[in-house]
Amino acid sequence: MKVLMIGDIMGEPGRRSVARLLPKLIANHSIDVVVGNGENVAGGFGITPDLVDDLFDLGVSVITTGNHAWDKKEILDVFPREPRLLRPANYPTGVPGRGSYVFTTPGGESLGVLHLMGRAFMPTIDCPFQVAKREIERLKTQVSAIVVDMHAEATSEKMAMGHYLDGLVTVVAGTHTHVQTADEQILPKGTAYITDIGMTGPLHSVIGIKKELAIEKFLTGMPRRFEVASGPVVFCAVLMELDATLGKALSIERIRVVD
């Protein structure tokens with residue numbers, strides 16, 4: 001099984017890049033499953049019902065989110081009825097939606113997708129490590145291969161999760177920081193890992209935001225309304241080949257295309 005995971009898709013520039021590049025990648029690499037992080041697709045903050053449909057139409061199989069999942073209030077009703085749209089599994093009981101999904105390819109292979117969020121420098125929610133073990137035990141009754149989107153700020157927390165889940169899941173890939181890391185690897189017990197997939201969004205920006213607005217905020221310390229930058233776009237993703245029967249990763253490859 002070949003799985004592509006796309007890093008945080010930032011606003012209209014990111015969506016445009018996905019529309020241009022994803023169909024070619026799927027065709028050229030015979031990709032079976034596409035997981036895309038969509039928490040920034042609506043102007044950099046949140047996701048709307050229409051944009052959920054747009055990402056599915058573009059070829060994304062499962063959408064993960066993160067701390068910006070709730071920025072657009074109209075999405076609240078979508079989470080309970082669209083199982084392919086995930087919010088972090090370690091939000092407390094009663095929060096709309098779910099944190100995992102089992103996707104079945106047209107060829108009949110199944111893949112579990114688990115979405116977690118870190119707590120270091122992030123909103124205080126339930127422990128992702130404890131929730132991960134609980135969710136994996138449940139998913140393992142249905143599938144052998146599981147990919148994890150670990151949406152977190154601290155590289156140490158993502159690395160700890162990778163080693164904690166090594167051999168229990170097939171992939172642990174970080175999102176949220178919008179900067180692609182160069183540490184893709186297969187961990188000792190067979191789990192593919194990368195600290196952050198990176199951003200799919202404006203290249204000449206500060207994590208997708210107009211650079212002059214971000215600089216002004218750092219200079220003054222004053223609140224500033226951020227806007228998504230324009231110009232060339234960078235498409236960041238990772239491509240993995242998995243043994244869906246054994247639940248092990250065979251390879252992981254970083255993708256970074258300036259579009």
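A salt bridge is here a side-chain nitrogen of Lys or Arg within 4 Å of a carboxyl oxygen of Asp or Glu. By this rule the count comes to 8 salt bridges in what is a predicted model. The tour visits one helix, then a sheet, then some of these pairs.

**Helix α2**

Select residues 49-58, which form helix α2, and display the side chains of L51, V52, L55 and F56, the buried residues of this helix. They lie on the same side of α2, because they cover an arc of only 145° around the axis. Next, show β2 (8-9), α1 (11-29) and β4 (62-64), against which the buried residues of α2 pack. Then turn to the face directed away from the buried side, where the exposed residues D50 and D57 are found. Finally, step just past the end of α2 to G59, whose phi is positive, at about 115°.

**The open sheet**

Now select the 6 strands of the open sheet, which follow the order β5-β6-β7-β8-β10-β9 with mixed pairing. At the edges are β5 (100-104) and β9 (185-186); each has a single partner strand, so one side of each lacks a neighbour in the sheet.

Move inward to β7 (residues 146-151) and β8 (residues 171-175), which run parallel and are joined by 5 bridges. To inspect one such position, select V148, whose bridge partner in β8 is V172.

With the sheet still displayed, add helix α4 (residues 128-139). The helix lies across β5, β6 (110-117) and β7, and runs at about 165° to β6.

**Salt bridges**

Remain on α4 and select E135 and R138, which form a salt bridge with the closest N and O atoms 2.7 Å apart. The two residues are 3 apart in helix α4, and therefore separated by about one helical turn. Residues three or four places apart in an α-helix point the same way, because there are 3.6 residues a turn. E135 is buried, with a relative accessible area of 12%, whereas R138 is partly exposed at 37%.

Go next to R84 and E82, another salt bridge, in which the closest N and O atoms are 3.0 Å apart. E82 has a relative accessible area of 14% and is buried, while R84, at 28%, is partly exposed.

Which residue forms a salt bridge with E216? Selecting R224 shows the partner, with the closest N and O atoms 3.1 Å apart. E216 counts as partly exposed, at 34% relative accessibility, and R224 also counts as partly exposed, at 34%.

Methods: Residues numbered from 1 in each chain as written. Predicted model: local features only at pLDDT ≥ 70, side-chain atom pairs only at ≥ 80, totals over all residues. Heavy atoms only, no water. Buried < 20%, exposed > 50% of the residue type's maximum accessible area, 1.4 Å probe, protein only. Helix = DSSP H or I, 4+ residues; strand = E, 2+ residues; numbered from the N terminus. Arc of directions from axis to C-beta. Contact = heavy atoms within 4.5 Å. Pairing = 2+ DSSP bridges. Axes fitted to C-alpha atoms, helices over the stretch in contact; angles between N-to-C directions.
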